[in-house]
Amino acid sequence: MNKPSRSSNSNNSKKWNQAMERYNLPTGGIEVIIEGRSSSKLDTVNAVTHSKPKKPTLSIPPDNLTKAGSAKPVNPVRKAYTPHIPAQKPKAKPIRYLVSRSLILVGTLALIGNIPVHSKINLQTQDDTIALTAAVEEALNQATIANSDVVELQLPDENETEVFAGHEVETLPTVTKGRWNLYQVESGDTVESIFAALKLKQTLDKLIADQDIAKVLNDIKPSAKFLAQTVDGKLQQLIYTTGKKDSYFITYHNEQYTGQWQSGLLEARRSQIHFTISKPFHTEAKIAGLTSSLSRQITKIFKKDVNFRRLAIGDEVRVIFEDYIYQGERIASDNVLAAEFDHRGTLYQRVRFSASDTTRYLRPDADLELKQVAFNRYPLKSGRISSGFGMRRHPVFGSRRLHSGTDFAAPRGTPIYATGNGKVRFIGRKGGYGKTIELRHMDGITTLYGHMSRYKAGLNPGDKVKRGDIIGYVGSTGTSTGNHVHYEFRIAGKPHNPMKVALPTTGILSPKEMRQFRQQAKKLKNELEALRETAKNNPHRLSSRQNQFGG
Ligand SMILES: [Zn+2]
């Protein structure tokens, strides 16, 4: 960092530097490069002390912002994130404009607290030199100093900061104003559903009026997050993040929304909380500092292990989660990454793992739970078993024969769901079965759905279906006495009782996902153990919170 080259009074010089540093102004002065070869440094102090005394003011007249012909005013919201003052195109704009514009930028950056200490202005020709010197002097007068002898800035009070940075900055939203809401995108979400959930449905039209924003909102990734800041229900800032380094920042300015990808501004920070139960869970969690969203997550994660209505005094809870930090402040908490519940002497642990668009909380060391039953037992969501599998007197023909499936009675048009993942093997009329669909699954298993009123539109032989997909609708086609679905479960062509057959299991995770899970689980398990140690060493805690930077 360059010090002022001349100082008649070291105390004043120190004050100067303090003042400049307070606003991160360029104590090193402004360097002027002409045609990229000669470099002459205009020391800020020199420039200032040679100038005539002027009334101290730090405000930059608004008219400077629009002076240069057709150039647009500086938009501080956008520029504020630019770490360097951009090189200016020569000649097209008067030097005075360049300098004043740069200083506006400096002021804006200073307000944000992010500024290069040494600023450069690039010029193309030497002809500009004189004009530049004059312009720099004048601009610096405006921006800084009282008189030639006392180098002391008339610094604005904190609440005058907006004036200091010029009128453009007055509307710059700050993180402390307004309330932040977080929305986690789930598969099946639409832009409309997301904005409805954020209570910003009215704002959506305004947002997509901007083409750039519309483009981003048209391509929302599952598991992305929206962080919305509102004041009196009005959107001020919106951050769209996919967890990668870049996030999309939408800001409200001059009655309109603009957006920009920015790198590294939003930080996910690892946080930990532990507490001991002596009051109802949600009360205890709140005292400890968990947001209600996080404490709801905890009850969901442990609902099978822990009876939250009958917690024991002394039960312990430890949670590792993510905070979102923006402009130095925590604006939201989300995503339990790992948690453990010491409930009546048994320790239950869960770690978060996302794979194929699904997020699960799994036991860090259990293989068993990574398998799941591969089939649903019923092809309908509701209905009544009207006839079971086995020998029976046929309702139409009267003779005794094997009823090779299970009948579910339900109103005509009730959706029929594929009971497992597979492919369409047959779709069409099939004798007494009427309109029928047959699916081929894993391990030589086929399922059959008969008497449909119609098939799902667009479904063809060879199509892949997923467990739970609608394939058709209940009817009474074929040999049937009423609306029902006849459901068969065959292994190697042989019908089994669909209500009793041992359903095969399948791995939740692919081998690759399994390896990822192992790694992640191990790491989080260690973090939980470390947190348990911390908790042990803080016996008086009802709550304790630690932050650490983390992925
Ligand atoms: Zn039947």
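The following paragraphs describe a predicted model, moving from its overall make-up to its zinc site, salt bridges, nonpolar cores and one buried helix.

The protein contains 12 helices and 28 strands. Of its 551 residues, 47% are buried. The accessible surface comes to about 28400 Å², and carbon and sulfur atoms account for 49% of that surface. Among contacts with a separation of 6 or more, 66% join residues that stand 24 or more positions apart.

The zinc ion provides a useful point of entry. Its protein donors are NE2 of H403, ND1 of H486 and, listed twice, OD of D407, at 2.0 to 2.8 Å from the ion. The angles among these four donor atoms run from 53 to 153°. Because four donors count as tetrahedral only if all angles lie between 85 and 135 degrees, this spread is not tetrahedral, and the site is classed as irregular. Along the sequence, the donor residues follow the spacing H-x3-D-x78-H. H403 belongs to strand β17 (residues 400-403) and H486 to strand β25 (residues 484-491), so this pair ties together parts that are 83 residues apart in sequence. Both histidines are removed from the surface: H403 is buried, with a relative accessible area of 4%, and H486 is buried, also with a value of 4%.

D407 leads from the metal site to the salt bridges, of which the count is 13. Besides serving as a zinc donor, D407 forms a salt bridge with R392, with the closest N and O atoms 3.7 Å apart. D407 lies in strand β18 (residues 406-409) and R392 in strand β16 (residues 390-393), so the bridge ties together parts that are 15 residues apart in sequence. Both D407 and R392 are buried.

Other bridges have other surroundings. E438 and K430 meet through their side chains at 2.8 Å, N to O; E438 is buried, with a relative accessible area of 7%, whereas K430 is partly exposed at 31%. Salt bridges with shared partners also join E316, R318, E340, D342 and R532 into one network. The bridge between D219 and K221 has its closest N and O atoms 2.8 Å apart. Here D219 is partly exposed, at 43% relative accessible area, and K221 is likewise partly exposed, at 39%.

The largest nonpolar core has 23 residues, and the members that touch the most others are I416, L439, Y449 and I471. Strands β20 (422-429), β21 (435-440), β22 (445-455), β24 (470-474) and β25 each contribute at least two residues to this core. Strand β25 is also the strand that holds the zinc donor H486. Leaving aside residues up to four places away in sequence, I471 has contacts that include I416, Y417, A418, I437, L439, Y449 and M452. Another core, of 22 residues, lies apart from the largest one and includes L204, V216, A228 and L235.

Helix α11 (residues 292-301) shows how a helix is covered by other elements. Its buried residues are L294, S295, Q297, I298, T299 and I301. In an α-helix, residues three or four places apart point the same way because there are 3.6 residues a turn. The cover over the buried residues of α11 includes helix α10 (281-288) together with strands β10 (316-326), β11 (329-343), β12 (346-355) and β13 (358-362).

Technical notes: Residues numbered from 1 in each chain as written. Predicted model: local features only at pLDDT ≥ 70, side-chain atom pairs only at ≥ 80, totals over all residues. Heavy atoms only, no water. Donors = N, O, S within 2.8 Å, 3.2 Å for Na, K, Ca; no water. Tetrahedral: all angles 85-135°; square planar, octahedral: opposite > 155°, others 65-115°. Helix = DSSP H or I, 4+ residues; strand = E, 2+ residues; numbered from the N terminus. Buried < 20%, exposed > 50% of the residue type's maximum accessible area, 1.4 Å probe, protein only. Contact = heavy atoms within 4.5 Å. Areas by Shrake-Rupley, 256 points an atom, 1.4 Å probe, with all protein chains shown as cover. Salt bridge = Lys/Arg side-chain N within 4 Å of Asp/Glu carboxyl O. Core = buried A, V, L, I, M, F, W, Y, C linked by side-chain atoms within 4.5 Å.
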